[in-house]
Amino acid sequence: MDLLTIIVVIIYLMLVGYLGYQGYRRTKTASDYLVAGRSVHPVVMALSYGATFISTSAIVGFGGVAANFGLGLLWLTFFNIFVGVFIAFVFLGEPIRRMGHHLDAHTFPELMAKRFDSKFIQIFCALVIFLFMPLYAMAVIVGGAEFIVSIFHIPYDAGLYIFALIVAAYVIAGGLKGVMFTDALQGAIMLVGMLILVACTYYTLGGFTAAHQALTDMSDLVPKGLTAIGHQGWTSMPKFGWASPGDAPAAAAQYNLWWIMVSTIVLGVGIGVLAQPQLVVRFMTVKSRKSLNRAVVVGGVFILAMTGVAFVVGSLSNAYFHRNEVIPCQLVNEQALLDPGADGAGRLTPVALEASAETKARAKAFVSYRLPGETEENALRYVLKTPGMVIRRGENGGLDQIEPHLISIARSITVGTTMKGNTDTIVPIFVGSAMPKWFGIIFLMSLLSAAMSTLSSQFHTMGTAVGRDIFEQITHRHSRHSVLITRLGILVGLIAAITMGKLVRGNIIALATALFFGLCASSFLPMLLGGLFWKRMTRVGAISSILVGFLGSTFWSVFINAKTAGGLGFCMALTGKATLIPSWASPTWAVVDPLIVSLPISLLVAVIVSLCTKPLTASHVKYCYGGIKSE
Amino acid sequence: MWGIEDPGIVACYALCIAASVLCVVYGFINWNRGDVLVKKEDVDWAKEEKEEIEDAL
């Protein structure tokens, strides 16, 4: 780490520490506001909601996916703003707040359990949260770790452990308090960081239209693997269609990308946000509808500046890497070899001098270099060598220059990833390469802030799921034991998230996030909407919808969706087939997200079963809606 | 338009900005609407939330 980096980090930490301390002394927690009868400042409320909502997962993970799939990912930004902010704040926020306060519910499972008078709902929801939220937490932690790895150039495992330690320290030292001011401060830092990033990116590429045009002109460079599944360029939507049963694999695959992008990424995450347990609780901490109305202003702009910028910059990174990237460095080896393993698809590792001829024969050519100021042997960086690459040797002891002329996914291929590339590293590499070093450090800090605020609310939700929703419901008491169980729940969740992050590096952030969001939507959304807006919804209706949503979503992930079924491997082990799609059905079903099938079924089941079963007593329903009615 | 060939992408780019503008306009129009008195149940809720979080720490 050079002197400049150290100075920037110290100044940043001192500033955040000072402002955080000042804010904490004066404003304390969201609950303090309510106790005092005052209102949280709307900007603070919106930024803190935004900082909980947006994390390294959205910026690093989905930004990398945009680099691969293109600007079509902006549909997710539209859903994030329209559904995640407008619909959520305007239509769901106030009923959730009123019902939560009226029923004295402090967690999502508790709210639903009290609304439907069912302990089963509370325990089942809490189990789903506790078992599956580590998946989402893992996505956020991996996003932070990939960035640390890229900026400080340390091994992935070391980056993961360092970040996990920071997270653990933050959560234990008080991150759980949900101090809105520090969350808002982190949100503000992210906002400034992202605005600088998008301005610099457009400026570097010659302006708004010129940058897009450069990307449009590159459509012939889309890798064959992507064109085969319907990629038509980074400024076009993928090819849309629905394969017929019996279509040849190549013909059937041409619509896959559209369905992956729209069903899994755009709808899975875009709709799934409505049923996120940790965001539902956020609404309970505001004072009134007025606070929510005002927060919509900042929320809408904030999300545009976060995911909108991440997806635009992610896509444009292709134009930057291909046209503009120049790496001033000290060349180490123009023919450095990386070994993809015996099957040609494993993790790339540097080939030692004494390696066998067989290993050298299958190795791929890279150029290795060091950045100025980095001297240690482990500071070697690698970039894929292609015929288009230009290498200029520095004269009179000056720096050498590499012009890789690669697209983003090819640029992401380096030690530790496979020849398929790793989308999770694209945004970190882009920021490290295209932005000044000091900005990279500030950006890292703002990303870590984003990750922290999201993670602290995730771990809080996991902990209370175990302590309050499961343990207290089973033992019927609140005691020191439940506090201990809450802490244990947090610890187990943290260890599970880190272990998964260690095992499954590469193209995982967006997938894990989408899986969790989709599962939440299928399982919880019909019950949440019914609970808030449909008095006729019955306990059996709610339980049926949650079970059908959860089981349907899980079944589809394990046995039908090719990506998840292949990754999990149960389908192959149990049935000997990659997916259970029958030959008379369209092969496109294999790329349809579980949400598309299980959410409508879960909704339908909620309605039909409710209409066929005994309603909750009129007095109970009246009591539940008392809070909402009394406006 | 804007260097982007596919009208679908132009539309979603514009819709993102339009959705943000909608949020801003809605928020400003309703800036002073929806104020309610804080009731005892709101304060009780907040007190319990605070205690629970402090317990957890």
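At 52% relative accessibility, A:Arg393 counts as exposed, just above the 50% cut-off for that class. In this predicted model, the side chain of A:Arg393 forms a salt bridge with A:Asp400, with 3.8 Å between the closest N and O atoms. A:Asp400, by contrast, counts as buried, at 9% relative accessibility. A:Asp400 is also part of a strand pairing, as the bridge partner, in E6 of chain A, of A:Cys329.

Strand E6 of chain A (residues 400-403) pairs with strand E1 (residues 327-339) of chain A in the antiparallel sense, over 3 bridges. Strand E5 (residues 390-392) of chain A is likewise joined to E6(A) by 3 bridges, and these strands run antiparallel. In this second pairing, A:Val390 has A:Glu403 of E6(A) as its bridge partner. The loop between E5 and E6 of chain A contains A:Asn396. The phi of A:Asn396 is positive, about 50°, although A:Asn396 is not a glycine. A:Asn396 is exposed, with a relative accessible area of 83%.

A positive phi in a residue other than glycine is also found at A:Asp117, where the value is near 50°. A:Asp117 lies in the loop between helix H6 (108-116) and helix H7 (119-152) of chain A. With 46% relative accessibility, A:Asp117 counts as partly exposed.

The helices on either side of this loop take part in contacts with distant parts of the sequence. In helix H6 of chain A, A:Glu110 forms a salt bridge with A:Arg468, and the closest N and O atoms are 2.8 Å apart. A:Arg468 belongs to helix H19 (residues 437-475) of chain A, and the two residues are 358 residues apart. Both A:Glu110 and A:Arg468 are buried. Helix H7 of chain A contains A:Ala139, which is buried, with a relative accessible area of 0%. Leaving out residues up to four places away in sequence, A:Ala139 touches A:Ser57, A:Ile509, A:Ala512 and A:Thr513. The C-alpha atoms of A:Ala139 and A:Ala512 are separated by 6.1 Å, with their positions 373 residues apart along the chain.

A salt bridge within a single helix is formed by A:Arg362 and A:Glu358, whose closest N and O atoms are 4.0 Å apart. Both residues lie in helix H16 (residues 357-362) of chain A, 4 residues apart, about one turn of the helix. A:Glu358 is exposed, at 58% relative accessible area, whereas A:Arg362 counts as partly exposed, at 25%. Over all chains, the count comes to 14 salt bridges.

Between chain B and chain A there are 2 salt bridges. In one salt bridge, the side chains of B:Asp42 and A:Arg98 meet at 3.4 Å, N to O. A:Arg98, B:Glu41 and B:Asp42 are linked in a network of salt bridges. Side chains of opposite charge can pair when their charged atoms come close. The interface also has 15 residue pairs in polar contact, both residues being at pLDDT 80 or more. On the chain B side, the elements that give two or more residues are helix H1 (7-29) and helix H2 (40-56) of chain B. The largest share, 15 residues, comes from H1(B). By class, this side of chain B has 23 nonpolar, 7 polar and 13 charged residues.

In total, 43 residues of chain B are in contact with 63 residues of chain A. The area buried between the two chains is about 4,900 Å², of which carbon and sulfur atoms give 64%.

Note on methods
Residues are numbered from 1 along each chain as its sequence is written. Chains are lettered from A and ligands numbered from 1 in the order in which they are written. This is a predicted model: local features need pLDDT of at least 70, side-chain atom pairs count only at pLDDT 80 or more; totals for chains, interfaces and linings use all residues. Side-chain values use heavy atoms; hydrogens and water are left out. Contact means heavy atoms within 4.5 Å. Buried area is the accessible area (1.4 Å probe) that two parts lose on being put together, summed over both. A polar contact is a pair of N or O atoms within 3.5 Å; within protein, one must be able to donate a hydrogen and the other to accept it, and residues adjacent in sequence count only if both atoms are side-chain atoms. Ala, Val, Leu, Ile, Met, Phe, Trp, Tyr, Cys and Pro count as nonpolar, Asp, Glu, Lys and Arg as charged, and the others, Gly among them, as polar. Two strands pair if DSSP finds at least two bridges between them. Buried means under 20% relative accessible area, exposed over 50%, partly exposed in between (1.4 Å probe, protein chains only).
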